[in-house]
Amino acid sequence: MEDVAREAGVSGQTVSRVVNARGYVGAATRERVEAAMHSLGYRPNSAARALRSGRFRTIGVVMFSFSSYGNQRTLDAIAVRAAQLGYALTLIPVESSATETVAGAFRRLEEHAVDGVIIVIEAHQLDEADIEIPEALPVVFVDSNRGETHPFVDTDQAQGARLATEHLLDLGHDTVWHITGPARSYSAERRREAWRETLEKHERTVPAPIAGDWTAASGYAAGVELRENEGVTAVFAANDQMAIGVLRAFREVGREVPGDVSIVGFDGLPDAAQLWPPLTTVQQHPERVGALAVDALLAELEGAGSAAVDRPQTPLVGTELIVRESTAPPRKR
């Protein structure tokens, strides 16, 4: 920094302000300092800056699965928002919810020296892991129900399921069958319970849900089971991939969509509009969830050390129903 100051003809304090983006520096002076840095090949030493400031400007992300559309989009949004705010990411994938696996992820993050952590592991998996999170470590949960001790950000899963179920009932279907996600999935549980509550509110029969695993293959298997029942006229699948499998199962035996059966998915996959028929779906916004998670974590960092008794709750991110040609009123018999 002394070399840069001499090259630019400024004080060391001015160079520090430019490097750390703190305090006012005139445009011409800033350009002169940056030119000197470039000429001398100077790069700020992030480790040294961290020792002085107590901040590493790095966010840790612990994530269980990269296979789902929502997680992929959420991680992308976290990376973009962090970069906008001058933070790097350290990503730690975990292969299972076993205690030693998740605990190992936290140990690795401690070695990498992060300022805080965003955890994208579903609540049931964390409950099984029974992990104690270090008290001094700011943490934000995504897709979880651990909002009592730490901030959490999530899609409003229940709202989306209600929109899907009520849409099919409003079209005139007597009831709605449901293909649910994995039993240990927090998202699947919230969607399943909202579907059930909506049917009960409208005093409709609640069929037994059929278990899936988020894949199109599991949706197809569920569709094969449902297509044998002529009384099935409306199906809400807990994600678009499973809805795609259901669509194939019904169409391959000549049951028309939406003439004989209406199908709704959940996620808002871009390709859902290109199916035949185009799929009605609940559009979620993982890009908003990821950005809010970063903002919530930085708010925790700013409030570190303070007695934050009444932490403001992060609002759930809303969904929208995208109505396309896979849903219609039931055919008159």
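Analyst: Before we start, a contact here means heavy atoms within 4.5 Å. By that rule, Thr14, Val15, Val18 and Val19 in α2 meet Thr29, Arg30, Val33, Glu34 and Met37 in α3.

User: And what kind of model am I looking at?

Analyst: It's a predicted model, where local features need pLDDT of at least 70 and side-chain atom pairs count only at pLDDT 80 or more, while totals for chains, interfaces and linings use all residues. Residues are numbered from 1 along each chain as its sequence is written, and side-chain values use heavy atoms, with hydrogens and water left out.

User: How many helices and strands does the protein chain have?

Analyst: Twelve helices and eleven strands. Both are DSSP runs numbered from the N terminus: H or I over at least four residues for a helix, E over at least two for a strand.

User: Back to α2 and α3. What makes them roughly perpendicular?

Analyst: The axes of helix α2 (residues 12-20) and helix α3 (residues 27-40) cross at roughly 85 degrees and come within 10 Å. Axes are lines fitted to C-alpha atoms, for helices over the stretch in contact, with angles from 0 to 180 degrees between N-to-C directions. Angles of 65 to 115 degrees count as roughly perpendicular (under 35 is roughly parallel, over 145 roughly antiparallel, the rest oblique). That's why α2 and α3 are called roughly perpendicular to each other.

User: Which classes of residue make up the contact of α2 with α3?

Analyst: Five nonpolar, two polar and two charged residues. Nonpolar covers Ala, Val, Leu, Ile, Met, Phe, Trp, Tyr, Cys and Pro; charged covers Asp, Glu, Lys and Arg; the others, Gly among them, are polar.

User: Now the sheets. How do you know that β1 and β2 pair?

Analyst: Two strands pair if DSSP finds at least two bridges between them. Strand β1 (residues 58-63) and β2 have six bridges, in the parallel sense. One example is Ile59, whose bridge partner in β2 is Leu89.

User: In what order do the five strands of that open sheet come?

Analyst: The order is β2-β1-β3-β4-β5, with parallel pairing. At the edges stand β2 (88-93) and β5 (152-153), each with a single partner strand, so one side of each has no neighbour in the sheet.

User: Which helix packs on this sheet and touches β2?

Analyst: Helix α5 (residues 69-84), which also touches β1, β3 (116-120) and β4 (139-142). Its direction makes about 175 degrees with that of β1. Helix α12 (residues 286-302) lies across β1, β3, β4 and β5, running at about 160 degrees to β4.

User: What makes the pairing mixed in the open sheet of six strands?

Analyst: Its order is β7-β6-β8-β9-β10-β11, and β7 (210-211) and β11 are the edge strands, each pairing on one side only. Look at β10: strand β9 (residues 262-267) pairs with it in the parallel sense over four bridges, whereas three bridges join β10 to strand β11 (residues 320-322), and those two run antiparallel. Further along, three bridges join β6 to β8 in parallel, and β6 pairs with β7 in the parallel sense over two bridges.

User: Which residue in β8 is the bridge partner of Trp177?

Analyst: Val235. Over in β7, Ala211 stands opposite Thr180.

User: Which helix packs on the sheet and touches β9 and β10?

Analyst: Helix α11 (residues 240-251), which touches β6 (177-180) and β8 (234-237) as well. Its direction makes about 160 degrees with that of β9.

User: Why does Ala164 count as buried or exposed?

Analyst: Buried means under 20% relative accessible area, exposed over 50%, and partly exposed in between (1.4 Å probe, protein chains only). Ala164 has 0% relative accessibility, so it counts as buried. It lies in helix α8 (residues 157-170).

User: What does Ala164 touch, not counting residues up to four places away in sequence?

Analyst: Phe236, Val264, Val282 and Leu321. The C-alpha atoms of Ala164 and Phe236 are 6.9 Å apart, although their positions lie 72 residues apart along the chain as a separation. Two of those contacts meet in the sheet: the bridge partner of Val282 in β11 is Leu321. As for Val264, its bridge partner in β10 is Thr280.

User: Which residues of strand β10 point one way, and which the other?

Analyst: Thr280 and Val282 point one way from β10 (residues 280-283), Thr281 and Gln283 the other, and all are buried. In β6, Trp177 and Ile179 point one way and His178 and Thr180 the other way, again all buried.

User: How much of the protein chain is buried?

Analyst: Buried residues make up 48% of the 333 residues.
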